[in-house]
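This briefing concerns a single protein model. It covers the overall fold, the surface and the nonpolar cores.

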Amino acid sequence: MGEKELTAAKNKGLYYLQFSAKTEAEMRKKLAEQGFLPASVDGAVAFLKEYRYLDDEEYTRRFIERNMKKKSVRQMRYELSKKGVAREVADKALEEAEIDEVRQVMGLLEKRRYSGKAASFEERRKQAGYLSHKGFSGEAIRAAFARMEE
């Protein structure tokens, strides 16, 4: 690995981080797509991790913080896995966040102007389908309906 290529890979990594945070896997992919040799990619990633520019645990915490009101735990876990975050890292951060899915569902139902007791069977079915598609469990959806209809 040439020192010149390693420096170029580090600079390219820093350039990508100007626009948005990245996971280690995303950075490795971006640098490899630019044609850097595996040794240069490894060196650049090690450099970025050493200075905490790349930190999958912090990235995961921020991702959850940003999305916990609108996305289900299942959906966030899936998206994090697609970004290359290890399952253990995602599970630990999700557990620490103590997300109340019933409260999330209620918030989404309110945002979607769900009418509670006055809702027709068809409206309720439509909302349940939407929420289920977003990754919320049937248990959380039923509990939210029950609370909103009290």
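The points below are grouped by topic.

The model is predicted: local features require pLDDT of at least 70 and side-chain atom pairs pLDDT 80 or more, while totals for chains, interfaces and linings use all residues. Residues are numbered from 1 along each chain as its sequence is written, and side-chain values use heavy atoms, leaving out hydrogens and water.

**Overall fold**
- The protein contains 9 helices and 0 strands, these being DSSP runs (H or I of at least four residues for helices, E of at least two for strands) numbered from the N terminus.
- Its radius of gyration, taken over C-alpha atoms, is 21 Å, well over the 15 Å that the globule rule gives for 150 residues, so the protein is more spread out than a compact globule; that rule is 2.2 Å times the number of residues to the power 0.38.
- The C-alpha trace spans about 70 × 25 × 20 Å along its principal axes.

**Burial and surface**
- Of the 150 residues, 38% are buried, meaning under 20% relative accessible area with a 1.4 Å probe, protein chains only.
- About 9600 Å² is exposed, 48% of it supplied by carbon and sulfur atoms, with areas from the Shrake-Rupley method and a 1.4 Å probe.

**Nonpolar cores**
- The largest nonpolar core (buried Ala, Val, Leu, Ile, Met, Phe, Trp, Tyr and Cys residues joined through side-chain atoms within 4.5 Å) has 14 residues, of which V105, L109, Y114, L131, F136 and A144 touch the most other members.
- Helices α7 (101-111) and α9 (138-148) each supply at least two residues of this core.
- Apart from this core lies another of 12 residues, among them Y16, M27, F36 and L54.
- Not counting residues up to four places away in sequence, F136 touches K71, S72, E101, Q104, V105, L108, L131 and I141, a contact being heavy atoms within 4.5 Å.

Methods. Buried means under 20% relative accessible area, exposed over 50%, partly exposed in between (1.4 Å probe, protein chains only).
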